[in-house]
Amino acid sequence: MTLTYLKDVVTLSFSPSKCIGCGLCTMVCPHGVFAMKEKEVQIVNRDACMECGACALNCPAKAIEVDAGVGCAAAIITGWITGGEPSCDCAGPQKKSRCC
């Protein structure tokens with residue numbers, strides 16, 4: 001089973017020019033967003049990103065950025081924990097273009 005969230009709302013960004021090809025992101029990503037292709041990392045399923053931040057935290061080259069703990073996945077998890085309605089707060093001033 002592959003999880004996919006809403007299209008084009010994730011805060012994930014990747015800079016191939018900074019990437020050193022270590023592959024740590026491919027090892028720590030729980031949803032297989034990254035893959036090694038001919039000794040280079042590529043994003044293979046950006047919309048599967050749950051914005052956990054594991055990739056960015058483990059990237060020694062700082063080639064990956066993501067707003068960990070925001071977005072739709074965090075909203076759903078918080079809703080489950082609190083018993084409330086999911087709210088990703090994407091109506092805020094920083095997130096208008098990425099609203100889910």
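This dialogue walks through how to read several features of one predicted model.

Student: What should I keep in mind about the numbering and the kind of model before I begin?

Tutor: This is a predicted model, in which local features need pLDDT of at least 70 and side-chain atom pairs count only at pLDDT 80 or more, while totals for chains, interfaces and linings use all residues. Residues are numbered from 1 along each chain as its sequence is written, and side-chain values use heavy atoms, with hydrogens and water left out.

Student: Where is confidence lowest and where is it highest in the protein chain?

Tutor: The term pLDDT is the predictor's confidence in each residue, from 0 to 100. The protein chain averages 81, and 74% of the residues score at least 70. Confidence is lowest in helix α3 (residues 71-82), with a mean of 72, and highest in helix α1 (residues 24-28), at 97. Over residues 91-100 the pLDDT is below 50, and this stretch has 16 contacts in the model beyond near neighbours in sequence, where a contact means heavy atoms within 4.5 Å.

Student: Which pattern do the helices and strands follow along the sequence?

Tutor: Helices (H or I, at least four residues) and strands (E, at least two) are DSSP runs, numbered from the N terminus. The protein chain has three helices and four strands, and read along the sequence they give β-α-β-β-α-β-α. Among contacts between residues at least 6 apart in sequence, 51% join residues at least 24 apart.

Student: How many bridges join strand β2 to strand β3?

Tutor: Two strands pair if DSSP finds at least two bridges between them. Here, β2 (residues 34-37) and β3 (residues 40-43) run antiparallel and are joined by four bridges, with Lys-37 standing opposite Glu-40 in β3. Two residues lie between the strands of this hairpin, where Glu-38 takes a positive phi near 55 degrees. Lys-39, in the loop between β2 and β3, has a phi near 65 degrees, which is again positive in a residue other than glycine.

Student: Is Lys-39 buried or exposed?

Tutor: Buried means under 20% relative accessible area, exposed over 50%, and partly exposed in between (1.4 Å probe, protein chains only). Lys-39 counts as exposed because its relative accessibility is 74%. Lys-62, in the loop between α2 (54-58) and β4 (64-65), also has a positive phi, near 55 degrees, and Lys-62 is exposed at 54%. Across the 100 residues of the protein chain, buried residues make up 34%.

Student: Which residues touch the most other members of the largest nonpolar core?

Tutor: In soluble globular proteins, nonpolar side chains tend to be buried together. A nonpolar core is a set of buried Ala, Val, Leu, Ile, Met, Phe, Trp, Tyr and Cys residues joined through side-chain atoms within 4.5 Å. The largest one has 17 residues, and Leu-12, Val-33, Phe-34, Cys-55 and Ile-64 touch the most other members. Cys-55 is buried at 8% relative accessible area, and, leaving aside its neighbours within four places in sequence, its contacts are Leu-12, Cys-25, Val-28, Phe-34, Ile-64 and Val-66.

Student: How many disulfides does a search of the whole structure find?

Tutor: A disulfide is a covalent bond between the sulfur atoms of two cysteines, and the criterion is a pair of cysteine sulfur atoms within 2.5 Å. The search finds zero disulfides. Cys-29 cannot be counted because its closest cysteine sulfur, in Cys-55, is 6.4 Å away, too far for a bond. Cys-55 is likewise in no disulfide, the nearest cysteine sulfur being that of Cys-49, 5.9 Å away.
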